[in-house]
Amino acid sequence: MEQISKKSEEMPLQATKLLVDNINPLVRHKSLRDCLQVFGTIRNLVLKRRKSKQRSYAFVTYSTSAEALRAYNCLLRKTLWHPVLVIPFLGNKSAKKELRNEHHPEADRDEDTDGSEFAYYRFEKNDDDLINNLNNDCLARIFSFLPIPDRLAMAEVCRRWQVVSQQAWRSFNRFTLSPANWYSSSAEHQEKHIFSFAGMSIVRETSIVRLLGHCGPYVSELDLSFGSNVHSTAILINIFKLCPNVRVLNLRHYKYNNPSSIKSLADNCQRIQHLILDDSLFYNCYQDQMCRIFSKNEIKILELSGDMSDRVRRRIRCRYLRELVISRAQNPMLMHRIVELAVNLRRFKYDFDSKETIFYRKAESEFLQCLFRSECSDQLEDLEINYRFSNYKLQGRLEESPTFTQLRKLSLRGAFFVDDKFLITLCRMNPRLESVDVSNCVALTNESLKKVSQLPRLARLAIEGLDGVTDDIFDGKCTTNLQVLNCKGCVGMRAAGLTKLIRSSLLSLTILDLEGCTDVTDDFVNAAVDRVKERNGEPVLTLNVLNTSVTRGAESLPAGLKFTEISE
């Protein structure tokens, strides 16, 4: 102790931070602060304990160097529960070397001390060094916006940035095989992680393993829909091993003949709640492992493209399902068991292929009747039954009447069974409907659509392709909350009824698609301009007047109205 005090008789004038070592591990932060604040105002005090718990050390920062000098001179001759060691801490290389080699020789050889203890205190605050004046949380937030190659390089700058970089990986929740997130402004960093194969940019497998070594436990969304057919089985196995906490898994377009990767998925990922896949995973070589995946996971959202084998379908724990999305199914009746057992279903979407076969038409009708009488019909909030081809006009009606009572969103694009009676029944039983899409339902007339337009909470209405519908559906009782209206191809729409609509929905209407409505003229646009001026330009009303009789230019429109081509 005497030797140290002789070598440190004079303290550097600019030092405001002191390292106080050899503190009793029973000393608490408040007690130490009370003892040290007698020498001056303490700006910051950090008390650290080593893993061995034999002694503690503290960094104390005073407001001025004079206060730090007073504490330095007094503590050299004073005992705080133990004989303490006081060293001025400057943060530069010479001071750090002196700290480790002379004043603090045990810092290098102490096996119980990890390097991260000194990572936060490596730099003294400097007005010219703005990046290091930020705390660790701010730096981690900045690192999270960088491309992946740059984030990997940040960890090699210094020890503090290595600690901050590891903290920033906690916010990396989505991983995909797509190289989009691997492009960097530095060509050198990018070439380390991406190579070209058959005209495609592919991420190197070593880089994938290195990345997931940092963030694998924090990944909750895993997207393998891109590039899974060009990577080896080994890397796919490692991905599933390094990401055990996946909640959302996308296996659509997953094409690999070796089932060992799916076995690794079944063994390691048992917390999946949202699963996206297609029928390529229901071949015989995959069925055993797919059965294990469905039996071990409580899947709440299932998106399936194609048909599912009956063996795998029986392993689905249907009582946990909340959302079910099906498309390109060859036989709709294969899904009837899922619909019957999914008593807690809230969203159901089915995109029919609309095949012109008697068997397929019969299967469609049987499946829909099964849906209407299922137990989940009383709890469904989002129902979407869409046909891919708008010219599909299958005549017929369903024997079962709809029993839905909680619907908020309804989409029946091109559905053959929708007529006025069916739609009026749905509107009467579901007064809380907020979105209705009955595009290409050619059997509908003004009678049913007038009831739809009077729904009190209706915010979105799509009646695209209904030639027989006119503007009479927007009478004086039209809803006042309508925000989006799609009348594309409705040749019966005229300016009188649309003007009533704008008047009733003055404060809410934002999008009005009138493409192909040939009877819409400049008179309607002039009326819209007058109404828009009343709401002072907020919100902006967007009109699509392509293929209409409107000749007025967009340059003469007020701030709250604009012409554009709307794409859904």
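Reader: What share of the 568 residues of the protein counts as buried?

Author: In this predicted model, 49% of the 568 residues count as buried. The chain is arranged in 21 helices and 23 strands, and about 27200 Å² of surface is exposed, 47% of it supplied by carbon and sulfur atoms.

Reader: Why is aspartate 419 called buried?

Author: Aspartate 419 has a relative accessible area of 18%, and the term buried applies under 20%; therefore aspartate 419 is classed as buried. Aspartate 419 is placed in the loop between strand S17 (409-411) and helix H18 (420-429). Its C-alpha lies 5.3 Å from that of leucine 444, although the two are 25 residues apart in sequence.

Reader: What makes leucine 134 partly exposed?

Author: The relative accessible area of leucine 134 is 30%, which falls between the limits of 20% and 50%, so the intermediate class applies. Leucine 134 occupies the loop between helix H6 (130-133) and helix H7 (136-143). Together with Ile131 and Ile142, Leu134 makes a nonpolar surface patch of about 200 Å².

Reader: Why is the pair of tyrosine 57 and phenylalanine 59 called edge-to-face?

Author: The planes of the two rings stand at 85°, and an angle over 60 degrees counts as edge-to-face. The centres of tyrosine 57 and phenylalanine 59 are 6.0 Å apart, and the limit for a pair is 6.5 Å, so both criteria are met. Both tyrosine 57 and phenylalanine 59 are buried.

Reader: Why, then, is the pair of phenylalanine 348 and tyrosine 350 called tilted?

Author: Here the centres are 6.1 Å apart and the planes lie at 55°. That angle is neither under 30 degrees nor over 60, so the pair of phenylalanine 348 and tyrosine 350 is tilted. Both residues are buried. The structure holds six aromatic pairs, and Phe372, Phe404 and Phe422 form one aromatic cluster.

Reader: How do you know that the charged end of arginine 151 sits over the ring of tryptophan 169?

Author: The charged end of arginine 151 is 4.2 Å from the centre of the tryptophan 169 ring, set against a limit of 6 Å. The assignment also requires a position within 35 degrees of the ring normal.

Reader: What makes arginine 413 and aspartate 437 a salt bridge?

Author: The closest N and O atoms of arginine 413 and aspartate 437 are 3.0 Å apart, and the rule asks for within 4 Å, so the pair qualifies. Arginine 413 lies in the loop between S17 and H18 and aspartate 437 in strand S18 (residues 435-437), so the bridge ties together parts 24 residues apart in sequence. Arginine 413 is partly exposed at 23%, whereas aspartate 437 is buried at 7%.

Reader: How do you know that aspartate 472 forms a salt bridge with arginine 494?

Author: The closest N and O atoms of aspartate 472 and arginine 494 are 3.8 Å apart; the cut-off is 4 Å, so this pair is also accepted. The two residues are 22 positions apart, aspartate 472 being in the loop between strand S19 (460-462) and strand S20 (484-486) and arginine 494 in the loop between S20 and helix H20 (495-504).

Reader: How many salt bridges does the count come to by this rule?

Author: The count comes to 19 salt bridges. Among the residues involved, Glu323, Arg347, Asp382, Glu384 and Lys409 are linked in a network.

Notes
Residues numbered from 1 in each chain as written. Predicted model: local features only at pLDDT ≥ 70, side-chain atom pairs only at ≥ 80, totals over all residues. Heavy atoms only, no water. Buried < 20%, exposed > 50% of the residue type's maximum accessible area, 1.4 Å probe, protein only. Patch = residues over 30% accessible without salt bridge, like charges linked within 9 Å, V, L, I, M, F, W, Y side chains within 5 Å. Areas by Shrake-Rupley, 256 points an atom, 1.4 Å probe, with all protein chains shown as cover. Salt bridge = Lys/Arg side-chain N within 4 Å of Asp/Glu carboxyl O. Helix = DSSP H or I, 4+ residues; strand = E, 2+ residues; numbered from the N terminus.
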